[in-house]
Amino acid sequence: MSWRSIMLVTVASMVLLLVNSVESYASMEQLTKSGDMMRSVCMNKAKPSLEHVEGLPSGKFPESKEIMCYANCVLELMQGMRRGKIVADSAMKQADLLIPPEYAEPTKRAFDTCRHAGDGVKNNCEVAYALLKCLHKNNPKFFFP
């Protein structure tokens, strides 16, 4: 998957999230559609099993390279990570802009709490995996495509 394709999906996701939204944030239906696009791109890139991906929202975190790299791909598309670094401030701004307040607030608190989850970890995919597990633990409204 080329960076051009990833950028196209990111831009399309953001447009989808903003179109037909009365408020500045997206509806859960729009978030789901955007998540589906991210899932498709990242499953093709990282090649995890569908069963493993479907287990992530409920806190099932198998330790496989594929699922770790899938998490990295999704978190980069969500602007929660960049080149193996957690960018909590960027993710918190995106949450304010794009997701409903009842999800944005716990998401922002979780990103703030988890901003150092990957400290000391060198591998981008492993950093993403550590962040994902921390976000799940610290966000009662956790959702992940």
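## The main nonpolar core

In this predicted model, the largest nonpolar core comprises 35 residues. Tyr70, Leu75, Phe111, Leu131, Leu135 and Phe144 have the most contacts inside this core. Two or more residues are supplied by each of the helices α2 (28-46), α4, α5 (88-98), α6 (101-114) and α7 (124-138). Helix α4 provides the largest share, with 9 residues.

Apart from this core lies another, of 6 residues. Its members include Leu31, Ile99, Tyr103 and Ala104.

## Helix α4

Helix α4 covers residues 65-77. Its 13 residues should span 18 Å at 1.5 Å a residue, and because the end C-alpha atoms are 18 Å apart, the expected and modelled values agree. After the helix comes Gln79, which has a positive phi near 65°.

The helix is mostly covered, with 11 of its 13 residues buried. The buried positions are Ile67, Met68, Cys69, Tyr70, Ala71, Asn72, Cys73, Val74, Leu75, Glu76 and Leu77. Polar residues are thus represented in this list by, among others, Asn72 and Glu76.

## Surroundings of Tyr70

Tyr70 is buried in α4 and is one of the residues with the most contacts inside the largest core. When residues up to four places away in sequence are not counted, Tyr70 touches Arg39, Cys42, Met43, Ala46, Pro48, Val53, Leu56, Phe144 and Pro145. Phe144, one of these partners, is also among the residues with the most contacts inside that core.

## Packing of α2 against α4

The axes of α2 and α4 come within 9 Å of each other and cross at roughly 140°. This angle makes α2 oblique to α4, since only angles over 145 degrees would count as roughly antiparallel. The crossing is right-handed.

On the α2 side, the residues that meet α4 are Met38, Arg39, Val41, Cys42, Met43, Lys45 and Ala46. Their counterparts in α4 are Glu66, Cys69, Tyr70, Cys73, Val74 and Leu77. An α-helix has 3.6 residues a turn, so residues three or four places apart point the same way.

## Tyr103 and the other core

Tyr103 is found in helix α6 and belongs to the core of 6 residues. Leaving aside neighbours within four places in sequence, Tyr103 is in contact with Met28, Lys141 and Phe143. Tyr103 and Phe143 are 40 residues apart along the chain, and their C-alpha atoms are separated by 8.9 Å.

Methods. Residues are numbered from 1 along each chain as its sequence is written. This is a predicted model: local features need pLDDT of at least 70, side-chain atom pairs count only at pLDDT 80 or more; totals for chains, interfaces and linings use all residues. Side-chain values use heavy atoms; hydrogens and water are left out. Helices (H or I, at least four residues) and strands (E, at least two) are DSSP runs, numbered from the N terminus. The expected span of a helix is 1.5 Å times one less than its number of residues. Buried means under 20% relative accessible area, exposed over 50%, partly exposed in between (1.4 Å probe, protein chains only). A nonpolar core is a set of buried Ala, Val, Leu, Ile, Met, Phe, Trp, Tyr and Cys residues joined through side-chain atoms within 4.5 Å. Contact means heavy atoms within 4.5 Å. Axes are lines fitted to C-alpha atoms, for helices over the stretch in contact, and angles run from 0 to 180 degrees between N-to-C directions. Angles under 35 degrees count as roughly parallel, over 145 as roughly antiparallel, 65 to 115 as roughly perpendicular and the rest as oblique. A crossing is left-handed if the near helix is turned anticlockwise from the far one by less than a right angle, and right-handed if clockwise.
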